[in-house]
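Please walk through this structure with the sequence alongside, taking its pockets, its domains and a few local details in turn.

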Amino acid sequence: MKKPFVTKEQLDEITAKYPTPFHLYDEKGIRENARNLRKAFSWNKGFKEYFAVKATPNPTILKILREEGCGTDCSSLTELMMSERCGFSGEEIMFSSNDTPAEEFQYARKLNATINLDDITHIDFLKEVADIPKKISCRYNPGGTFSISTDIMDNPGDAKYGLTRPQMTEAFKKLKELGVEEFGIHSFLASNTVTNEYYPTLAKILFQTAVELKEETGVHIGFINLSGGVGIPYTPDKEPNDIFVIGEGVRKAYEEVLVPAGMGDVKIFTELGRFMLAPYGHLVTKAIHEKHTHKEYIGVDACAVNLMRPAMYGAYHHITVMGKEDAPCDHVYDVTGSLCENNDKFAIDRKLPKIDMGDTLVIHDTGAHGFAMGYNYNGKLKSAEILLKEDGTTQMIRRAETPEDYFATLEGYGF
Ligand SMILES: *Cc1c(COP(=O)(O)O)cnc(C)c1O
């Protein structure tokens, strides 16, 4: 069973104060989860989570995570700028970009962020547009398919990211000649994994690769970055990952592979996005229309502009009709937004309790890759973001867009 992190009474108060739709975040849940992650990896002295800013690019959220010991993982100029303005500096910022424009490398160097190179040709590019830092990381792509026991998890061979194994050796040799003193290895091989085996399996591959690279090139490997990919159960039938089991699995691989190779000082980094935030966000919306044609439709005041995952990937997001948690799910609805796109549906053929006009719906697990993927199709405006604080009060942490925001880039240009 998926339960909202707010009660109906709480949410009635909140929707009386802020018009729907909006994204609501649970500070308590965010902090507890971040603390558990730290605890799960506390066996590693240098452990650090660099939160993937793209998942939830909100300054208040970033500052909460910073208080919990996290840095940021950026892949664009504005993500770097946001991190800087939120107080992150130097070692607290990872720059894991790809197809990187010159000015973004320059900005990352200015902040002294740790640069994670996506390609061997980026060595010369970085040298030309900025300089080569003393510490650098390279993103590894082993190619082929990535499996856990017999399950194929993903297809790294089709992914645009990273260096091949021979390129890793060549890149490390070249970077060493250019004066790099500390090296990192990064890899992201599967997304939204709901298994405790993903990180340990990935860790073992990266640890073995690190030992080989050290032997081949003689470089000092300072950190290994397991990146993102630890997922959450969007559907109610799945069990959530256990971060303590995951941390312990990585520790075992570390003891087995790195420690005997004299590499027991390697720091473990992560760049989790979804795992850090997704369950701690709800998209709150109200039913404004019901339509009985070839199917039964409930029209809500949110649309794919507020949450694109169902339209883009056919992703499942659980829905709770507030106040009807225990009512029988004896109706079958398509829950739709207002875009002129037939894929603007938050749910298709979903069994739900009878929905009445004005009912508040909570769409679950929207805290990561939710608001962030928003766009302005049909001239629809992005919603506000509200924080439910630990003391039960609320704070607006981003206002909703206005028509003036939408028109701002047109003013003076024929408009
Ligand atoms: C998207 C991304 C992440 C975060 O991924 P999640 O699936 O949200 O954990 C981390 N690192 C990089 C380089 C990414 O592109």
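The lining of the second largest pocket divides into twelve nonpolar, eight polar and eight charged residues. The model is a predicted one, and in it this pocket has a volume of about 570 Å³. Its lining is made up of 28 residues, and those nearest the centre are Lys2, Pro233, Pro240, Pro279 and Tyr280. Two helices, α2 (27-40) and α9 (243-258), each supply at least two residues of that lining. Of the elements that contribute, α2 gives the most, with five residues.

Where does the second largest pocket lie with respect to domain 1 and domain 2? Residues of both domain 1 (41-272) and domain 2 (279-407) enter its lining, so the pocket lies between them.

Lys2, one of the residues nearest the centre of the second largest pocket, also forms a salt bridge. Its partner is Asp365, and the closest N and O atoms are 2.8 Å apart. This pair links distant parts of the chain, since Lys2 is in the segment before α1 (8-17) and Asp365 is in the loop between β17 (360-363) and β18 (384-388), 363 residues apart. A search of the whole structure finds 26 salt bridges.

The largest pocket has a volume of about 930 Å³. Its lining has 39 residues, and Lys54, Arg139, Tyr161, Phe188 and Ser191 are the ones nearest its centre. By class, 15 of the lining residues are nonpolar, 15 are polar and nine are charged. The strand β3 (71-74) and the helices α10 (274-277) and α11 (309-313) each supply at least two residues of this lining. The two domains are also represented in the lining of the largest pocket, with at least three residues from each of domain 1 and domain 2.

The domains themselves come next. The domain assignment of the protein chain gives domain 1 as 41-272 and domain 2 as 279-407. The contact takes 13 residues from domain 1 and 15 residues from domain 2. Their C-alpha centres lie 33 Å apart. The size of an interface is often given as the accessible area lost when the parts come together. For domain 1 and domain 2, about 1,200 Å² is buried between them, and 60% of it is on carbon and sulfur atoms. On the domain 1 side, Ala55, Asn58 and Tyr234 lose the most area to domain 2, and together they account for 44% of what that side buries.

How many salt bridges are found across the interface of domain 1 and domain 2? The rule finds zero there, while the search of the whole structure gives 26. The bridge between Lys2 and Asp365 has its lysine in the segment before α1.

Two details of the backbone remain. Thr20 and Pro21 are joined by a cis peptide bond, with omega at about 0 degrees. Pro21 is found in the loop between α1 and β1 (22-26). Further along, Asp99 has a phi near 50 degrees, which is a positive value in a residue other than glycine. Asp99 lies in the loop between β4 (93-95) and α5 (102-110).

Technical notes: Residues are numbered from 1 along each chain as its sequence is written. This is a predicted model: local features need pLDDT of at least 70, side-chain atom pairs count only at pLDDT 80 or more; totals for chains, interfaces and linings use all residues. Side-chain values use heavy atoms; hydrogens and water are left out. On a 1 Å grid over the protein atoms alone, a cavity is a set of points where a 1.4 Å probe fits but cannot get out, and a pocket is an open set with protein on both sides within 12 Å along at least five of seven lines; lining residues have an atom within 4 Å of a point. Grid points are joined across faces, edges and corners, and a volume is the space filled by probe spheres set on the points. Helices (H or I, at least four residues) and strands (E, at least two) are DSSP runs, numbered from the N terminus. Ala, Val, Leu, Ile, Met, Phe, Trp, Tyr, Cys and Pro count as nonpolar, Asp, Glu, Lys and Arg as charged, and the others, Gly among them, as polar. Domain bounds come from an automatic or database domain assignment. Contact means heavy atoms within 4.5 Å. Buried area is the accessible area (1.4 Å probe) that two parts lose on being put together, summed over both. A salt bridge is a side-chain nitrogen of Lys or Arg within 4 Å of a carboxyl oxygen of Asp or Glu.
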